[in-house]
Amino acid sequence: MEDPAAPGAGSPPANGNGNGGGKGKQAAAKGREVFRSQRRESEGSVDCPTLEFEYGDADGHAAELSELYSYTENLEFTTNRRCFEEDFKTQVQGKEWLELEEDAQKTYVMGLLDRLEVVNRERRLKVARAVLYLAQGTFGECDSEVDVLHWSRYNCFLLYQMGTFSAFLELLHMEIDNSQACSTAVRKPAISIADSTELRVLLSVLYLLVENIRLERETDSCGWRTARETFRTELSFSMHNEEPFALLLFSMVTKFCSGLAPHFPIKKVLLLLWKVVMFTLGRFEHLQALKVQKRAELGLPPLAEDSLQVVKSMRAASPPSYTLDLGESQLAPPPSKLRGRRGSRRQLLTKQDSLDIYNERDLFKTEEPATEEEEESAGDGERTLDGELDLLEQDPLVPPPLSQAPLSAERVAFPKGLPWAPKVRQKDIEHFLELSRNKFIGFTLGQDTDTLVGLPRPIHESVKTLKQHKYISIADVQIKNEEELEKCPMSLGEEVVPETPCEILYQGMLYSLPQYMIALLKILLAAAPTSKAKTDSINILADVLPEEMPVTVLQSMKLGIDVNRHKEIIVKSISALLLLLLKHFKLNHIYQEAGDNNQFCWRNLFSCINLLRLLNKLTKWKHSRTMMLVVFKSAPILKRALKVKQAMLQLYVLKLLKIQTKYLGRQWRKSNMKTMSAIYQKVRHRMNDDWAYGNDIDARPWDFQAEECTLRANIEAFNSRRYDRPQDSEFSPVDNCLQSVLGQRLDLPEDFHCSYEIWLEREVFSQPICWEELLQNH
């Protein structure tokens, strides 16, 4: 998806002198015309259609398979077919693959895997290409894309059942440890697609196995369903004393970023890693089910809604204007003119009255049945609200036309309700009661939220409302349990940690987790679009550049498109992978830290939403990280992203803007009323969150460094307590019974029996014992 260009700021028009002269009027008229034209240019995307984008775990099955390959690899499809046909003709006479019975197909696959175990690399590569052709769906014998997808899935289940995954995993280990290939690639000045041929074939087969088998269909047979669960278990847990498959792929990522293996096809590695994590840990739907189950186990009330389902039902909002942000100080009239215009002042006051009535309405009460007159005006509700908000941003020098005259309070249209149920933290209730008690009775009661003696009746009602919307998250319970385990390790006993796929993956990643994340971020930065030259970034184009560089304009254009597509797929896979890991690890434990006529690219929009969701997860309730968004001036960039009319993307942009509003100042909030209104309408509310004013007691700047240090200390304490326990812990119980200790059988070393008599003679019999002194000491 192309990033829309930022609107240009033209030179400001000369203001009139206010004396009513002809030149002044002409200058004012010219200024207003320039202002209108700039506004039309900046709001050019307002009338664009809403993007028909449906967010999900991944794109369509065919699209996900096609993104495995680059245009540079087109010729290799023919090579794979030729290798298969040459081998197939030597084993089967007069028939094609699709004409064989299942038993004959299994026999041929077994022969292929036997011929895969040869020493000669070229012969082994030819057999691997034949297997890849089968996994690709034997497209030479199919008539349509549907047939290719069907036979690709059928062949992948057949290949897995015959042991292909284990065989190719062993070959992948050999290629990763191939020091000769690594040293050759390091010495080469330019690495091309030819340097990773064997790895690309192996990774392609493994990716096709994972992608086809993880796809669930209602028509799948019982055998296929059983094979899918077996494959999931094989990928999730350590098999044959080996690490989980995802950790092997993570090691390939770090080895690539360290420069020791620059020939690794990193796009294929990342795509395979993303799909393995999705297959083993579960998709977003499975994650939501796990969340519901865990809340039930902890005795928490069920969730009020599914966030993804709520977002899917939301409509995209019209993007706000941008000219006011870029040139407001140049285009705004002098203060003297504002003071001298009673009409404009009256207009603003009337508008403020309308907004006050709008804000005072209780949007959470049950709606009464609408009258006929209300139903007739309901269709104009959003247009009315947008029109009124536009009046706030209109040039006060220009009187509004009759059709845009300020509406009376009776005609203001209100939304039927907000999409989210409000939430209140326990900390918010305690803070509200602390302020109320200090004000009315002069002292506080700590964390007591039940005693309301001495407080006026309105405070009682407020506390009741806050408690009705109180939300306790799984993270809150986990943090509380962790604090209790740290305080009372002996009385609470040892924690029982279930061996889930998520827990096993986290244990395997723990000690190298920073290296894994740094490597992923390095690749993400190298693939991200930028206007500056990247001289120090790593080379991520090794598996897309051909051996011979293009010599014609057409070839150069084709390669340029391939390179851009290559980078987009890398960003997509990393963003989805990071989002999956973050959400699954957070649920596992809070202290463990993604159609043809559409005018957009599904891949890029998916990546943007994943990165926004990641940013929201990392900054939520972290004021120090929110300040980083403010320091690096993310608000204008995020506001520009609102030009994309897609509800889910807009929601996460508005969330990031909401947490920054308290730091952006009154002037920013005043000149971005339409954005503030969109935040109010679409983002979940915390009942007593002063996000629009900046009165948050937790947002003090001197607490930022302590906040990060405390979080880091809590994470390190959690990892140390759960994963760094020595075998002989100081908290282990001690046996004080003499008979029990003497009766224990000790495994003595073999040389002890040979030297036991010598030890007795030297240490016991030859040493004089003063019994009197021994008795006195005891």
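This report covers the confidence of a predicted model, one pair of helices and one glutamine.

## Basis and confidence

The model is predicted, with local features needing pLDDT of at least 70 and side-chain atom pairs counting only at pLDDT 80 or more, while totals for chains, interfaces and linings use all residues. Residues are numbered from 1 along each chain as its sequence is written, and side-chain values use heavy atoms, with hydrogens and water left out.

The chain averages a pLDDT of 75 (the predictor's confidence in each residue, from 0 to 100), and 75% of the residues score at least 70. Over residues 323-415 pLDDT stays under 50, and the model has 96 contacts (heavy atoms within 4.5 Å) beyond four places in sequence for them.

## Helices H9 and H10

Helix H9 (residues 197-214) and helix H10 (residues 222-236), both DSSP runs of H or I with at least four residues and numbered from the N terminus, have axes that come within 10 Å and cross at roughly 130°. Axes here are lines fitted to C-alpha atoms over the stretch in contact, with angles from 0 to 180 degrees between N-to-C directions.

From H9, Leu209, Val210, Ile213 and Arg214 meet Arg228, Phe231 and Leu235 of H10.

## Glutamine 660

Glutamine 660 lies in the loop between helix H30 (647-658) and helix H31 (661-664), and this residue is buried (under 20% relative accessible area, with a 1.4 Å probe and protein chains only), its own value being 0%. Apart from neighbours within four places in sequence, glutamine 660 is in contact with Thr626, Leu629, Val630, Ser634, Ala635 and Leu638.

Technical notes:
Helices (H or I, at least four residues) and strands (E, at least two) are DSSP runs, numbered from the N terminus. Buried means under 20% relative accessible area, exposed over 50%, partly exposed in between (1.4 Å probe, protein chains only).
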